[in-house]
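Me: Please give me a close look at one loop residue in this protein, an acidic one. Then set it beside a second acidic residue and end with a pocket.

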Amino acid sequence: MVAPLSDTPLSPLRTIAVIGLGTMGTGITEVLAKAGREVIGIDISEAQAARSLAAVEASTARAVQRGRLTEQERTAALARVRVSTDLRTAADADLVIEVAPESYEIKQQIFRELDGLLRPETILATGTNALSVTRLAADSARPERVLGLHFFNPAPAMKLVEVVSSVLTAPTAVTAVTNLALDLGKEPVAVGDRPGFVADGLLLGYLNQAAAMYEARYASREDIDAAMRLGCGLPMGPLALLDLIGVDTARTVLEAMYAESHDRLHAPAPILKQLSEAGLTGRKSGRGFYTYDAPNSATVVPDALTPVSGDGAAPGRPVRSVGVAGSGTMASGIAEVFAKAGYDVVLAARSEEKAQTAKARIGKSLSRSVDKGRLTAETAAQILDRITPAGSYEAFADVDLALEAVAEDLEVKQQLFATLDKVCKPGAVLATTTSSLPVVACARATSRPQDVIGMHFFNPAPAMKLVEVVRTVLTADDVHATVREVCGRIKKHAVDCGDRAGFIVNALLFPYLNNAIKMVQEHYASLDDIDAAMKLGGGYPMGPFELLDVVGLDVSLAIEKVLHREFRDPGLAPAPLLEHLVAAGCLGRKTGRGFREYARR
C-alpha cells in the first residue's frame with residue numbers, strides 16, 4: 001500500500017525525467033537543466049532523442065552568444081542532461097513530466113509502466129492541455145501524486161506555468177511542483193481540471209470564432225489578423241496563431257472543451273476539420289490558413305488567396321475637406337488625425353461652446369506631442385489652424401466627407417444622418433464611427449444610402465492604427481474606394497468587413513471577455529490568475545479584467561447584448577456577474593470600482 005503523500009517527506013525534486021522530446025519536451029529539458037536540475041530526457045525514438053539533445057546544445061550556445069549564459073554555465077547545464085529510449089531510466093526521478101502526444105491511450109500506457117518503476121514518493125505530472133488530468137490520475141496507482149504541469153511554447157521564453165489539480169491530488173504535491181516552477185523563474189497559476197485550463201480555454205474559443213468568421217467569408221484572413229493585432233495590440237492574429245499552434249492541435253483541444261461545456265462557441269469550426277484531414281495543419285506542414293515557404297517555417301509566401309493591391313478597385317471620389325460631428329474624445333481624436341494628414345476639418349457640435357472645447361482638447365493633445373519631441377510648435381500650430389469649430393451642422397455644406405462620432409444611440413445617429421442628408425452637398429461621403437449599431441439603419445435615414453459607410457476608429461484615434469471599413473448592401477463601390485484611399489492618406493490600416501454586430505474586433509473580443517467572466521463566476525480561477533495567464537501565456541497587453549475595467553462594464557454589457565441579440569447564440573448571453581456589477585453601479589475605473597477597486601482621483 002502506498003503511503004499518503006502528506007505522510008511522506010517531500011523530495012526537493014532534484015532529478016526530473018521528461019518523457020516525450022518533441023518541441024515542448026526539449027524546451028522543458030533546457031529550462032530544468034539551466035535551473036540546476038538533473039534531467040533524464042526519454043523518447044521512444046533514438047533519433048528524436050538525439051535531435052532533442054542537439055537542440056538544447058544549439059539553444060544554449062545562442063544564449064551564450066547573447067550574453068544570457070556564460071560558457072561555464074552552459075557546460076554545467078549540458079552535463080546535467082542525458083537522453084534515453086528506456087523508460088526504466090526514470091526510476092530514480094523525484095518528478096516525471098510527461099509530454100507525450102495528446103492521446104489517452106498513449107499517456108495511460110506510460111503511466112501504467114511508470115507505476116511499476118517509480119519510487120512511492122515520486123510525483124507524476126502530465127503536460128496535457130486537452131485531456132482530463134483526473135481521468136489520467138484515476139487510472140494510476142498513485143492518483144494523489146498525479147497533477148498537470150502545463151508549460152507554454154517556447155518553454156524557455158514563456159513565463160506562465162499552469163499547475164493543474166484534480167480532486168485526487170494531494171496539496172503537498174501541488175506545493176512541491178509550484179515551488180519548482182518558482183525556482184525555474186516561472187509564474188505558476190493554480191487551476192482546476194477542465195479542458196484548456198485558463199489560457200487555452202479562453203484562447204482557443206476566440207481562435208475558433210475567428211476561424212468561423214473566415215470560413216463564413218465575412219472578412220479575409222489578412223484583415224481578421226490585422227484587425228486583432230492593431231485593434232487589440234495582440235502579438236499575432238488569430239489565424240496565424242492557429243497555424244503556429246497547429247490546426248489539428250487546436251481542433252483536439254476544442255473537441256475536449258465542447259465535450260465538457262456543450263457550448264456551441266467551443267464546437268470546432270468545420271474548416272478546422274477540413275484543414276486537419278487534408279494535412280494542412282499550419283506551419284509544421286507548410287500550409288494551413290496561410291502558405292509557408294517550407295514545413296516548420298515562419299515565412300509566409302503568397303498563394304491564390306493573397307490579396308492583390310488595388311485589384312479591380314473602383315476609382316474613389318476626391319476628398320479635400322472633412323466634417324467631424326461630435327464633441328467627445330473620439331470626435332476630437334478623429335479631427336486631429338485628419339488635420340495632421342493635411343485635411344481642412346470642420347468640427348461641428350450642438351453648440352459653438354462644445355465645438356470650441358473639443359478644439360481646445362486637440363490643442364492640448366498637440367502640445368503633449370510637442371513636449372515629447374514628436375512635433376515642432378510651428379507644425380502643431382498649423383495643424384490646429386486647419387480645424388474650424390462650428391456650432392451647427394450647416395457648416396458641413398461644402399465638405400467631401402462627413403463623419404459622425406456622436407453618442408452610440410441609434411435614434412440620435414439617425415436624426416443626425418437625416419440632418420447630414422439635408423446639409424451636405426451631392427456626392428459627399430457620409431460615414432458613421434459606430435462600433436455596434438447597424439450602419440444600414442443610418443443609411444436608411446438618408447435619401448442617399450449608397451453614399452453611407454462605416455468607419456470604425458479605435459480609441460485613442462491619433463494612436464490606434466486600425467479602421468474597420470463597414471460596407472452595407474447599399475454602399476456604392478466608389479464610396480468604399482474613397483474611404484480606403486482616405487485611410488491610406490491618414491496613415492491608418494483599413495480592414496473590410498460587412499455590416500453585422502461587432503464587425504471584426506468586437507465580435508471576437510467580447511465573447512472572450514465574457515468567457516473570462518464566466519470562469520470567475522464559476523469559481524474556476526481568480527481574477528489575478530486569469531489576467532496573469534492571458535498576459536504571460538497569450539502575450540496579451542492586458543488581462544481580460546484589466547481591459548473590462550478600462551473599457552467600462554456598462555459599455556461591455558451593451559456590446560454583449562448586441563452580439564447576443566444579433567447571433568441568437570446562448571453562449572453569447574452576457575455573464576450574470578457582469579449584469580450584476582453594472583446594476584450595482586460598478587462600471588470600472590470611471591466609477592472607482594469594477595472587477596477591482598481603484599483609488600479615487
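Reply: Helices and strands here are DSSP runs of at least four and at least two residues, numbered from the N terminus. The model is predicted.

Start with E102. It sits in the loop between strand β4 (95–98) and helix α4 (104–115). Is it buried or exposed? Neither label fits, because its relative accessibility is 30% and partly exposed covers the range between under 20% and over 50%. E102 therefore counts as partly exposed.

Now its partners. Beyond its neighbours within four places in sequence, E102 is in contact with K107, T128, N129, A130 and L131. Two of these deserve a closer look. The side chains of E102 and K107 are joined by a polar contact of 3.4 Å. At N129, the E102 side chain reaches the backbone nitrogen, at 3.2 Å. There is also a distant stretch of chain to note. T252 is 150 residues away from E102 in sequence, yet their C-alpha atoms are 8.2 Å apart.

The second acidic residue is E30. It is placed in helix α1. E30 is buried, because its relative accessible area is 5%, and buried means under 20%. Its side chain makes a polar contact of 2.8 Å with the side chain of S59. Setting aside residues up to four places away in sequence, E30 touches V56, S59, T60 and P156.

Next, the helix around E30. Helix α1 runs over residues 23–34, 12 in number. At 1.5 Å a residue it should span 16 Å, and its end C-alpha atoms are 17 Å apart, so the two agree. Most of α1 is covered, with nine of its 12 residues buried. Those residues are G25, T26, G27, I28, T29, E30, V31, L32 and A33. An α-helix has 3.6 residues a turn, so residues three or four places apart point the same way. Just after α1, G36 takes a positive phi of about 90°.

Last, the second largest pocket. It holds about 1200 Å³ of space. Its lining has 38 residues, and M330, S435, N459, V551 and V555 lie nearest its centre. Elements giving two or more residues to that lining include α8 (221–232), α12 (329–340), β16 (452–457), α18 (505–521), α20 (544–551) and α21 (553–567). By class, 24 of the lining residues are nonpolar, 10 are polar and four are charged.

Conventions. Residues are numbered from 1 along each chain as its sequence is written. This is a predicted model: local features need pLDDT of at least 70, side-chain atom pairs count only at pLDDT 80 or more; totals for chains, interfaces and linings use all residues. Side-chain values use heavy atoms; hydrogens and water are left out. The expected span of a helix is 1.5 Å times one less than its number of residues. Buried means under 20% relative accessible area, exposed over 50%, partly exposed in between (1.4 Å probe, protein chains only). On a 1 Å grid over the protein atoms alone, a cavity is a set of points where a 1.4 Å probe fits but cannot get out, and a pocket is an open set with protein on both sides within 12 Å along at least five of seven lines; lining residues have an atom within 4 Å of a point. Grid points are joined across faces, edges and corners, and a volume is the space filled by probe spheres set on the points. Ala, Val, Leu, Ile, Met, Phe, Trp, Tyr, Cys and Pro count as nonpolar, Asp, Glu, Lys and Arg as charged, and the others, Gly among them, as polar. Contact means heavy atoms within 4.5 Å. A polar contact is a pair of N or O atoms within 3.5 Å; within protein, one must be able to donate a hydrogen and the other to accept it, and residues adjacent in sequence count only if both atoms are side-chain atoms.
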